[in-house]
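Thank you for passing this model along for comment. My remarks are set out below as numbered points, to be read beside the coordinates.

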Amino acid sequence: MSGKPPILRNLEGQSYKHLKREIKWTPLKIVITTVLIGVPYVVFLIFVSSISKVLLGLLIGIPLVVFSILYLMHILTKDL
């Protein structure tokens, strides 16, 4: 063995665009995604924490309000 590193050829390769898949977000997909993300988050907060119910309500309520506002803004401005 010589001390030379191996010669690498054709490093350009394919782009990753063929792996990218566009998702058409329908209201049903948004609800399912929210449930799949939200339920484990709530269960984790309830199971792991021994915090007060007020703080738990804030940890659940704040993201819910923020995402609801963002979704409402999206619905109202998507045709502009």
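The points that follow take up the annotated spans, the nonpolar surface and two individual residues.

1. The model is a predicted one, and what is said here should be read in that light. The UniProt record, an unreviewed entry, places the feature "transmembrane region" at residues 30–48 and 54–76.

2. In the model, residues 30–48 are 100% helix and 0% strand, with the C-alpha atoms at the two ends 27 Å apart. The span 54–76 is likewise 100% helix and 0% strand, and its end C-alpha atoms are separated by 32 Å.

3. A nonpolar patch lies on the surface, and its members, among them Tyr41, Val54, Leu55, Phe67 and Met73, together have about 1,100 Å² of accessible area. The most is given by helix α2, which covers residues 53–77 and supplies 11 residues to the patch.

4. Leu55, a member of that patch, is found in helix α2. Is Leu55 buried or exposed, or does it fall in between? Its relative accessibility is 39%, and because the class between buried and exposed runs from 20% to 50%, Leu55 counts as partly exposed.

5. Ser68 also belongs to helix α2, and with a relative accessible area of 40% this serine is partly exposed. Which backbone atom does the side chain of Ser68 reach? The partner is the backbone oxygen of Leu64, at a distance of 2.6 Å, a separation that falls within the 3.5 Å cut-off for a polar contact.

Methods
Residues are numbered from 1 along each chain as its sequence is written. This is a predicted model: local features need pLDDT of at least 70, side-chain atom pairs count only at pLDDT 80 or more; totals for chains, interfaces and linings use all residues. Side-chain values use heavy atoms; hydrogens and water are left out. Patches are made of residues with over 30% relative accessible area and no salt bridge: like charges are joined within 9 Å, nonpolar side chains (Val, Leu, Ile, Met, Phe, Trp, Tyr) within 5 Å. Accessible areas come from the Shrake-Rupley method with a 1.4 Å probe; for residues, only the protein chains shown count as cover. A salt bridge is a side-chain nitrogen of Lys or Arg within 4 Å of a carboxyl oxygen of Asp or Glu. Helices (H or I, at least four residues) and strands (E, at least two) are DSSP runs, numbered from the N terminus. Buried means under 20% relative accessible area, exposed over 50%, partly exposed in between (1.4 Å probe, protein chains only). A polar contact is a pair of N or O atoms within 3.5 Å; within protein, one must be able to donate a hydrogen and the other to accept it, and residues adjacent in sequence count only if both atoms are side-chain atoms. UniProt positions are given in the numbering used here, feature names are shortened, and annotations may be inferred rather than shown by experiment.
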